[in-house]
Amino acid sequence: MFDRLLCIIEYSGMDISSDEAARALEAIETSKMAMRRAIMNSRGPAYLWIWGLVWMAEAIVRKMAHPGFWVAILWISAAGVVASLVVGIAQSGKFRSKLDRRFLAVCATLLIFGYGIWPRFFPLFKTYDSAYAYQVILWMQLYIVGGIWFDTFLLWVGLLITAIILTGYLGFPEYFWLSAFLCGVVLFCSGFYIKKCWR
Amino acid sequence: MDQLDPIIHQPARLQIMSALCQLSENERVDFSTMKDLIGLTDGNLGAHLATLESKGYLALSKEFVVRKPKTFISVTPAGRGAFTSHVAALRAILLPK
């Protein structure tokens, strides 16, 4: 009661009516929701949609297994990279964050070891499926680390996709293409979660 | 103690602060995006941002994006605190007597 009295004395110079206070709060809410929508759109769902579609397309092409399928897969991946760059450039001008350099260093370390060191010791790339599974798991390591670092949702996406690809590769090799396709679906759908619910 | 802030209470500045307080501590938004969100002209928005910056409620920085200079806006801890206090004071007005 005393605090309310003090509040009244403090703001009495501004002479705010209840109606004005209500209008102000409404304007605040409108502006808040507009900014949240803008933030959600820039948080990265586009990348997940792009790479989810790329993975699904690559799985289908692999399933068709025509000679030279790997060339088509390279082109699909290249298209994914180009699309990601375009999205990155388009969105980089709207919102910016300070880079977490330690996190980037961890990611770089995992990739360097994953592409440059481990394959020299283990015969991982004998077949397309083994190479594909290896690369998916390598990138999912980054999601898992990102999940530990930033948001648990990324951790679950990383673990789920790793489980799906390992199940396909180890348990159902004749249906590996389907597990690869499902990984793409999970990635694609996670983009919608980030757009609608993340924060 | 929550109190109304006459600088923040101006309608356009209220919207600006409300939008900026949705950003995380490390985030900043560019001038054009803010202009589209609030619906002000360049000069109008610039004047309001200058007022808020002079009070220490937000920080402006110029950065290059694809070789073009852009102005980015972020809210300061002081600004976040002042806005939170202002909102609480507004809500207190609407409390049943």
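A patch, as I use the word here, is made of residues with over 30% relative accessible area and no salt bridge, with nonpolar side chains joined within 5 Å. I am working from a predicted model, and these are my notes on it.

**Entry 1: the nonpolar patch**

I started on the surface of chain A. Ile112(A), Phe113(A), Trp118(A), Phe121(A) and Phe122(A) make a nonpolar surface patch of about 560 Å². I picked Phe113(A) for a closer look and found it in helix α5, residues 101–121 of chain A. Its relative accessibility is 34%, so Phe113(A) counts as partly exposed.

**Entry 2: chain A as a whole**

Next I stepped back to the whole chain. I counted eight helices and one strand in chain A. Along the sequence they follow the pattern α-α-α-α-β-α-α-α-α. Of the 199 residues in chain A, 36% are buried. I also looked up the contacts with a separation of 6 or more: in chain A, 69% of them are between residues 24 or more positions apart. The accessible surface of this chain comes to about 11900 Å², and carbon and sulfur atoms account for 70% of that area.

**Entry 3: two residues in the helices of chain A**

I stopped at Gly88(A), which has its place in helix α4, residues 69–92. With 19% relative accessibility, Gly88(A) counts as buried, because the cut-off for buried is under 20%. I then checked its distance to Tyr47(A): the two C-alpha atoms are separated by 8.7 Å, while the residues are 41 apart along the chain.

Asp129(A) was my second stop, and it sits in helix α6, residues 128–149 of chain A. This residue counts as buried too, at 18% relative accessibility. What does Asp129(A) contact, leaving aside neighbours within four places in sequence? I found Arg62(A), Tyr169(A), Pro173(A) and Phe176(A).

**Entry 4: a sheet with strands from both chains**

Then I turned to the strands. An open sheet of four strands runs in the order β1(A)-β1(B)-β3(B)-β2(B), and the pairing is antiparallel. Why do two of these strands have one side without a neighbour in the sheet? β1 of chain A (95–97) and β2 of chain B (58–65) stand at the edges and each has a single partner strand, so one side of each is left free of a neighbour there. On average, neighbouring strands of the sheet are turned by 35 degrees against each other, direction ignored.

I zoomed in on the place where the chains pair. Three bridges join β1(A) to β1 of chain B, residues 27–30, and the two strands run antiparallel. Here I noted Ser97(A) standing opposite Glu27(B).

I also looked at what lies across the sheet. Helix α3 of chain B, residues 31–38, lies across β1 of chain A as well as β1 and β3 (68–75) of chain B. This helix runs at about 75 degrees to β1(B).

**Entry 5: salt bridges**

How many salt bridges does the structure hold over all chains? I get six, and I followed up some of them.

Arg28(B) and Glu63(B) meet through their side chains in a salt bridge, at 2.7 Å from N to O. The pair links distant parts of the chain, with Arg28(B) in strand β1 of chain B, Glu63(B) in strand β2 of chain B, and their positions 35 residues apart. Arg28(B) counts as buried at 15% relative accessibility, and Glu63(B) is buried with a relative accessible area of 15%.

The side chains of Asp30(B) and Lys70(B) meet in a salt bridge as well, at 3.6 Å from N to O. Asp30(B) lies in strand β1 of chain B and Lys70(B) in strand β3, so the pair ties together parts that are 40 residues apart in sequence. Are these two partners buried or partly exposed? Asp30(B) is buried, with a relative accessible area of 2%, whereas Lys70(B) counts as partly exposed at 27% relative accessibility.

My last pair was Lys35(B) with Asp42(B), a salt bridge whose closest N and O atoms are 2.8 Å apart. Lys35(B) counts as partly exposed at 24% relative accessibility, and Asp42(B) is partly exposed with a relative accessible area of 44%. To finish, I noted that salt bridges sharing partners join Arg96(A), Arg28(B) and Glu63(B) into one network.

Definitions and conventions:
Residues are numbered from 1 along each chain as its sequence is written. Chains are lettered from A and ligands numbered from 1 in the order in which they are written. This is a predicted model: local features need pLDDT of at least 70, side-chain atom pairs count only at pLDDT 80 or more; totals for chains, interfaces and linings use all residues. Side-chain values use heavy atoms; hydrogens and water are left out. Two strands pair if DSSP finds at least two bridges between them. Axes are lines fitted to C-alpha atoms, for helices over the stretch in contact, and angles run from 0 to 180 degrees between N-to-C directions. Contact means heavy atoms within 4.5 Å. Patches are made of residues with over 30% relative accessible area and no salt bridge: like charges are joined within 9 Å, nonpolar side chains (Val, Leu, Ile, Met, Phe, Trp, Tyr) within 5 Å. Accessible areas come from the Shrake-Rupley method with a 1.4 Å probe; for residues, only the protein chains shown count as cover. A salt bridge is a side-chain nitrogen of Lys or Arg within 4 Å of a carboxyl oxygen of Asp or Glu. Buried means under 20% relative accessible area, exposed over 50%, partly exposed in between (1.4 Å probe, protein chains only).
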